[in-house]
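Reader: I would like a close look at a single part of this model, namely the surroundings of the bound ligand. Please take me through what holds it and what lines its site, with some care about how far the prediction can be trusted.

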Amino acid sequence: METKRFRARVNPDLCVGSTMCILEMPDAFRMRADGHAEFVGDALDPDTVRDVAELCPVSAIELINED
Amino acid sequence: MGKINDDLLDPEIVQNPSPYYKVLREEHPCYWNERWRGWVLSRYEDVYGALHSTDMLADRITPFFRHRLSAEEQRRFALTYEVLHSFVVFLDPPRHTHLRRIFSRAFTPKAVSTMRGVVEGYVQEFFANWDGRDVVDLNKDFAYPFPANVIASIIGAPREDVHRFHGWADGLTNLLLAGVGEDQRMDRAQDALVEFKAYLKGLYDERLKQPRDDMMSWLMEVEQNDPTLTEDDVLHSCILLLNAGHETTQDLICNTLTTLLELPDQMDLLRENPQHMKTGIEEGLRFNGPLKGTMRIAGKDMEIAGSRVREGDRLLLLMGAANRDPAKFENPEQFDVTRNPNPHLSFSHGLHFCLGAPLARMEMEIAFNELLRRFPKMHLLSEVKWDPRILGRSIEAPINIALQ
Ligand code: HEM
Ligand code: HEM
Ligand code: SF4
């Protein structure tokens with residue numbers, strides 16, 4: 001069975017810089033100078049991305065299919 | 001440059017802060033207010049920067065107790081200090097990070113969606129009591145009891161006891177509003193805290209024997225598995241949630257509904273297009289959010305908008321002024337229920353971004369959809385008079401509304 005890999009994207013219009021995603025996955029997210037987080041990690045399995053997306057207080061993390 | 005009024009409670013400023021905010025933003029973006037004894041920030045860029053800065057400390061409790069109280073008072077009010085100093089809202093990393101990570105799991109948008117039924121139940125019940133009445137007091141008949149009931153249910157306090165929270169919460173709020181150690185107020189606040197904590201300890205002990213499906217039981221389970229957490233952390237966190245989740249939501253309901261009732265075009269637009277409800281509520285937050293400002297302590301010497309701020313200085317960050325900054329918002333003095341995006345700062349930003357925002361947003365959406373649907377003829381009978389507060393933006397009761 002093929003397992004798809006996903007990336008995350010932070011919507012800067014929604015992100016409030018709570019840092020929750022960075023605390024959860026310090027290798028995958030980073031704070032930009034403008035106070036918004038960004039995804040800098042490698043592709044992930046969808047459950048991992050969904051778990052961290054759920055912790056975001058403003059649902060700013062979107063799941064993006066690698067393909 | 002004209003002289004700036006240092007009296008943040010000047011009736012003219014309280015009734016309509018906008019012109020004052022404009023002068024601050026344009027002429028004194030980082031202003032030393034001698035009467036308040038701190039710096040006042042008002043531009044979006046500066047307030048946003050301060051909320052996101054790791055050099056700004058949220059612990060304004062320790063300096064308050066150390067520098068503004070005598071040694072005798074410090075001893076007398078040790079319990080108040082201990083409770084306040086354990087609240088996430090007044091903590092800095094690393095302790096803030098630790099507590100916040102625990103709490104945030106209880107208030108994610110998904111966790112909050114499981115509370116929808118509780119919220120809908122209360123909304124239906126309150127508005128069923130409005131049916132057939134000619135006039136209601138928005139505050140007493142809905143905005144005050146509704147969020148208190150919701151947060152009490154979530155924590156797990158029996159509904160019969162909710163009225164007792166009001167007195168305790170008011171004691172604490174008076175302390176917070178007084179802002180300074182007026183002895184009697186501090187005594188009353190401490191008495192309220194002692195009673196409140198003893199009451200919660202009763203709920204705690206019941207749950208030791210028999211855990212339930214509520215937030216207190218959940219926090220107790222976390223406590224049992226985390227050696228850095230104590231019984232006090234659980235009890236104090238419940239006190240914080242009960243307070244934080246109550247008056248702010250009450251004010252947002254009153255401020256947003258009165259604004260809409262004063263702008264019939266916007267009200268009609270929203271009633272005819274309920275799909276704008278989400279953006280409408282955000283605009284309510286931007287326009288007259290429940291907190292005009294919040295406070296930080298400078299963690300080191302720094303320069304802000306040309307002024308030299310020293311380590312230990314306190315700062316008032318005026319989210320209310322930032323929310324009307326034309327550098328960030330088009331036509332900022334216009335209330336527009338369709339405004340999108342709307343990056344207002346009314347829930348704060350950065351590390352201390354309001355933990356309860358998903359709950360507050362859900363409470364507002366459910367309540368306003370129902371209000372507008374059930375009572376299409378609502379109109380205001382009272383004049384809107386704002387309460388003189390430095391930080392809060394709150395309307396004096398009663399707020400009489402005709403339903404017919
Ligand atoms: C419309 C309603 C509300 C508004 C406008 C509001 C506003 C705020 C603001 C401005 C802060 C940050 C203060 C600062 O940065 O110094 C904050 C923090 C907080 N709020 Fe709210 N709040 C609301 C409702 C709620 C509700 C319903 C709850 C709980 C159920 C809640 C719980 C908290 C907590 C626990 C914090 C501290 C978070 C931290 O420091 O990490 N709030 N709120
Ligand atoms: C049980 C709940 C609370 C109590 C007893 C409490 C008490 C206090 C006290 C004693 C102060 C210090 C006053 C001073 O510096 O002169 C203060 C300040 C403040 N609190 Fe709270 N607080 C509570 C909850 C909250 C929450 C949840 C928020 C945010 C939503 C909040 C926002 C603030 C702000 C913005 C200030 C700055 C006040 C100032 O400028 O003097 N508080 N509070
Ligand atoms: S958790 Fe959400 S709001 Fe917080 S920094 Fe990450 S993307 Fe931004």
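Author: What follows goes from the confidence of the model to the metal, then to the polar contacts and the surrounding shell. The model is predicted, and the predictor assigns the complex an ipTM of 0.92 together with a pTM of 0.92. For chain B the average pLDDT is 93, with 97% of the residues scoring at least 70.

The iron atom of ligand 1 has Cys354(B) as its only protein donor, through SG at 2.3 Å. Cys354(B) sits in the loop of chain B that runs between helix H19 (319–322) and helix H20 (357–374).

Oxygen atoms of ligand 1 also meet the protein: one lies 2.8 Å from an N or O atom in the side chain of Arg296(B), and a distance of 2.8 Å likewise separates an oxygen atom of the ligand from an N or O atom in the side chain of Ser348(B). With Val88(B) the partner is instead a polar backbone atom, 3.3 Å from an oxygen atom of ligand 1. Two or more residues of the shell come from each of helix H7 (95–104), helix H15 (231–244), helix H16 (247–262), strand S5 (294–298) and H20 of chain B, and the largest share, three residues, is that of H16(B).

In total, 28 residues surround ligand 1, and the closest are His96(B), Arg100(B), Thr294(B), His352(B) and Cys354(B). By character, the shell consists of 16 nonpolar, nine polar and three charged residues.

Technical notes. Residues are numbered from 1 along each chain as its sequence is written. Chains are lettered from A and ligands numbered from 1 in the order in which they are written. This is a predicted model: local features need pLDDT of at least 70, side-chain atom pairs count only at pLDDT 80 or more; totals for chains, interfaces and linings use all residues. Side-chain values use heavy atoms; hydrogens and water are left out. Donors are N, O and S atoms within 2.8 Å of the metal (3.2 Å for Na, K and Ca); water is not among the atoms, so sites may look incomplete. Helices (H or I, at least four residues) and strands (E, at least two) are DSSP runs, numbered from the N terminus. pLDDT is the predictor's confidence in each residue, from 0 to 100. A residue is near a molecule or strand if one of its heavy atoms lies within 4 Å of it. A polar contact is a pair of N or O atoms within 3.5 Å; within protein, one must be able to donate a hydrogen and the other to accept it, and residues adjacent in sequence count only if both atoms are side-chain atoms. Ala, Val, Leu, Ile, Met, Phe, Trp, Tyr, Cys and Pro count as nonpolar, Asp, Glu, Lys and Arg as charged, and the others, Gly among them, as polar.
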